[in-house]
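Work through the following exercises on cysteines and their bonds, and try each task before you read its solution.

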Amino acid sequence: MMNSTDQPAPCRTGNPIDDCWRCDPDWETNRKVLADCAIGFGRNAIGGRDGEFYTVTSSGDDPKNPTQGTLRHAAIQDEPLWIIFDRDMTVQLKQELMMNSYKTIDGRGFNVEISNGPCVTIQGVTNIIIHGVYIHNCVPAGNGVVATGSHSYQLRGISDGDGISIFGARDIWVDHCALSNCRDGLIDVVSGSTGITISNNYMFDHNEAMLMGHSDDFLADKNMQVTIAFNYFGEGLVQRIPRCRHGYFHIVNNVYTGWKMYAIGGSANPTINSQGNVFIALDGDSTKEVTKRESPLGDEEWKSWNWRSDGDMLLNGARFVTSGNEGSESYVKASSMVARPASLLSSIMPSPGVLSCSIGQLC
């Protein structure tokens, strides 16, 4: 199990997501309560709440004709499903996993990994929850026929090798996962996706962590809204934590433990609302700057972009260059929840990443 601590957390911590469900020792019986615990722009993601449970019993994978009991067979069904596992399991996919709408992948209670193959693609669908899975060492695949629904298939081109690729999708929530060491991004949100929350995750050992926005010229991403909250950005991260284009991004109550190039970057005039984060710079003068802008017209262009740092803790010489307006009226579309004081983060997020959940005990 990949998480930042195996110590049991106190029940009430001030983390509104965890306080919603982790105090229930019968969490296994009441798994679907989780669907009502989302916050931020992805708060409407209900996943498979209104469907049956589907238990994954096999780690096998047949991309075109998946067999019952496999993760792929569950993910492509047309009806809502809450997907759980019957044991510890490492799933090595042969092609990217194409999610169908209204699905929850819930790894609680077991050590569930998706690794050493192509990983998760959420494309053109809605209402997905991914919780409690360690996703790592993801690689490209493609040029093959892949099932995308109960009776539908696609010839897929080469995938990027993302951990989770969110493409033209909405109402998506990724919570309490661990992600590391993928060929491209850990979580990429592109091509008109919106209504996204990325929360309570542990990310480490990766170059380009999160890309938000397809390209500077893709104007549909101007409607993108993403909440990044209560995550722990750990050792070995280099850049794009996240890197944003267009759109509105609420980066709130995260802990950054160092970045080798920059933490928050962007181009094409994204709105960045950074609130209540802890930025701990690495030693060395070249790694102190939190922010990076890419603008073909230079400083005079980006100085009008709305990037603010509100209540952030900047430690070990960390520097956040703000720009644009500081007033809250400029950040309405980039505000999705109430930020907690950065000084409380040590108690609010005692266990980011995959939780060690035992049946019959507090998770």
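**Exercises on the cysteines**

At 6% relative accessibility, Cys-357 counts as buried, where buried means under 20% relative accessible area, exposed over 50%, and partly exposed in between, with a 1.4 Å probe and protein chains only. The model is predicted, so local features need pLDDT of at least 70 and side-chain atom pairs count only at pLDDT 80 or more, while totals for chains, interfaces and linings use all residues. Residues are numbered from 1 along each chain as its sequence is written, and side-chain values use heavy atoms, with hydrogens and water left out.

**Exercise 1.** Find the partner of Cys-357 and state how far apart the two sulfur atoms lie.

*Solution.* Begin with the rule that a disulfide is a pair of cysteine sulfur atoms within 2.5 Å. The sulfur atoms of Cys-357 and Cys-363 are 1.5 Å apart, and the two residues form a disulfide. Then turn to the partner's surroundings: Cys-363 has a relative accessible area of 9% and is therefore buried.

**Exercise 2.** Describe the disulfide of Cys-20 and Cys-37, giving its handedness and the places that it links.

*Solution.* First, the sulfur atoms of Cys-20 and Cys-37 are 2.1 Å apart, and the pair forms a disulfide. Next, the angle about the S-S bond is -70°, and this link is left-handed. The pair connects distant parts of the chain, since Cys-20 lies in helix H1 (residues 16-21) and Cys-37 in the loop between H1 and strand E1 (52-56), 17 residues apart; helices (H or I, at least four residues) and strands (E, at least two) are DSSP runs, numbered from the N terminus. Finally, Cys-20 is partly exposed at 35% relative accessibility, whereas Cys-37 is buried at 3%.

**Exercise 3.** Why is the disulfide of Cys-119 and Cys-138 called left-handed or right-handed, as the case may be?

*Solution.* Start from the bond, in which Cys-119 is joined to Cys-138 with an S to S distance of 2.1 Å. The torsion about this S-S bond is about -90°, and therefore the disulfide is left-handed. Cys-119 sits in the loop between strand E6 (112-115) and strand E7 (120-123), and Cys-138 in the loop between strand E9 (134-136) and strand E10 (144-149), so the pair ties together parts that are 19 residues apart in sequence.

**Exercise 4.** How many disulfides are there, and what is their pairing?

*Solution.* Applying the distance rule gives four disulfides. With the bonded cysteines of the chain numbered in sequence order, the pairing reads 1-3, 2-4, 5-6, 7-8. Cys-182 is in no disulfide, and the nearest cysteine sulfur, that of Cys-138, is 3.3 Å away.
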